[in-house]
Amino acid sequence: MLAIRTRRRKAVALATAAVLAGLAAPSLTATPATATTTDYDSTYYKSAIGKTGTSLKSSLHTIISDQTKISYSAVWDALKATDQDPADSANVILLYSGTSRSKSLNGGDTGDWNREHVWAKSHGDFGTATGPGTDLHHLRPEDVQVNSIRGNKDFDDGGSAVPGGGGSLTDSDSFEPRDAVKGDVARMIFYMAVRYEGGDGWADLEVNGSVNNGSNPYIGKLAVLKAWNDEDPPDAFEERRNQVIYDSYQHNRNPFVDHPEWVEAIW
Ligand SMILES: [Ca+2]
Ligand SMILES: [Ca+2]
Ligand SMILES: [Ca+2]
């Protein structure tokens, strides 16, 4: 973990130095995700390194499909570990709301948190059977009512404030998470598109340019999710979460948390 963080900072520092030296023009919008190296490149990602496009996607699919799967009931305790508040081990951080709430308030009542499927489970209709519906890489704790407001909407910019949504916005056909988790959401969606390619009886999940995808196995909008990946790079919370899933639960990683630049390399 420490090595990964150090190297990423180094990559950012080098990019900044290039701008200061006049070697690169400062961008008016978000800087595209910087190429990174991780401790896993020579091991876990070995067969993917150096590839791009469909070749990279195919390699990553093979790598991350080797995983342990957990039941939907086991997701409760897993989320208490993956999404623990770094400042209070009795609490979890709610994805969209950004608030810290007692781990013991998991449930379905007002004031509780429940299991948000960031890839809405109706998009591909995979439900909560062990599989995509229990994949921790896109499951997050969320306030019951905010989760209900997000519903199965696609992701896009715009709308009015979601009550209790921490700055998240919504309109009739889309949801925009608060700024601090825009990249997290994008990288979870891209993980799902690579992990699920139509095997094992599950739908081939893919990202497209639309909203109102309904029960089709698609989530949009691609261009917006790519921008969010650039605007909100992985932070310590997101990297720790990836590591906990890898070490303690599924033993697979979200490649886009380790290598956010692979979003652009594939899409
Ligand atoms: Ca909209
Ligand atoms: Ca973030
Ligand atoms: Ca797919």
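This report describes two calcium sites, one helix and the largest cavity of a predicted model.

**Calcium sites**

The calcium ion (ligand 3) takes its protein donors from Ala193 (O), Tyr196 (O), Glu197 (OE), Asp204 (OD), Leu205 (O) and Glu206 (OE). These atoms lie 2.2 to 2.4 Å from the ion. The six donor atoms subtend angles of 82 to 176°, and the site is octahedral. Along the chain, the donors of this ion follow the spacing A-x2-Y-E-x6-D-L-E. Of the residues named here, Tyr196 and Leu205 are buried.

For the calcium ion (ligand 1), the protein donors come from Asp171, through two OD entries, together with Asp173 (OD) and Ser174 (OG). Their distances from the ion run from 2.2 to 2.5 Å, and their spacing along the chain is D-x1-D-S. Asp171 has a relative accessible area of 31% and is therefore partly exposed, since buried means under 20% and exposed over 50%. Asp173 is likewise partly exposed because its relative accessibility is 22%.

The two sites are set side by side below.

| Ion | Protein donors | Distance from ion | Spacing along the chain |
|---|---|---|---|
| Calcium ion (ligand 3) | Ala193 (O), Tyr196 (O), Glu197 (OE), Asp204 (OD), Leu205 (O), Glu206 (OE) | 2.2 to 2.4 Å | A-x2-Y-E-x6-D-L-E |
| Calcium ion (ligand 1) | Asp171 (OD), Asp171 (OD), Asp173 (OD), Ser174 (OG) | 2.2 to 2.5 Å | D-x1-D-S |

**Helix α5**

Helix α5 covers residues 182–195, and Ala193 is one of the donors of the calcium ion (ligand 3). The helix has 14 residues and reaches 20 Å from its first C-alpha to its last, close to the 20 Å expected at 1.5 Å a residue. α5 is mostly covered, with 14 of its 14 residues buried.

**The largest cavity**

Two cavities of 30 Å³ or more are present in the structure. The largest has a volume of about 70 Å³. Its lining consists of His137, Arg140, Asp184, Met188, Glu238, Arg241, Asn242, Ile245, Asn254 and Val257. Helices α5 and α7 (236–249) each supply at least two residues of this lining. The largest share, four residues, comes from α7. By class, the lining has four charged, three polar and three nonpolar residues.

The lining residues within α7 include Glu238, Arg241, Asn242 and Ile245. An α-helix has 3.6 residues a turn, so residues three or four places apart point the same way.

Key
Residues are numbered from 1 along each chain as its sequence is written. Chains are lettered from A and ligands numbered from 1 in the order in which they are written. This is a predicted model: local features need pLDDT of at least 70, side-chain atom pairs count only at pLDDT 80 or more; totals for chains, interfaces and linings use all residues. Side-chain values use heavy atoms; hydrogens and water are left out. Donors are N, O and S atoms within 2.8 Å of the metal (3.2 Å for Na, K and Ca); water is not among the atoms, so sites may look incomplete. Four donors count as tetrahedral if all angles lie between 85 and 135 degrees; four count as square planar and six as octahedral if opposite donors are over 155 degrees apart and all others between 65 and 115; anything else is irregular. Buried means under 20% relative accessible area, exposed over 50%, partly exposed in between (1.4 Å probe, protein chains only). The expected span of a helix is 1.5 Å times one less than its number of residues. On a 1 Å grid over the protein atoms alone, a cavity is a set of points where a 1.4 Å probe fits but cannot get out, and a pocket is an open set with protein on both sides within 12 Å along at least five of seven lines; lining residues have an atom within 4 Å of a point. Grid points are joined across faces, edges and corners, and a volume is the space filled by probe spheres set on the points. Ala, Val, Leu, Ile, Met, Phe, Trp, Tyr, Cys and Pro count as nonpolar, Asp, Glu, Lys and Arg as charged, and the others, Gly among them, as polar.
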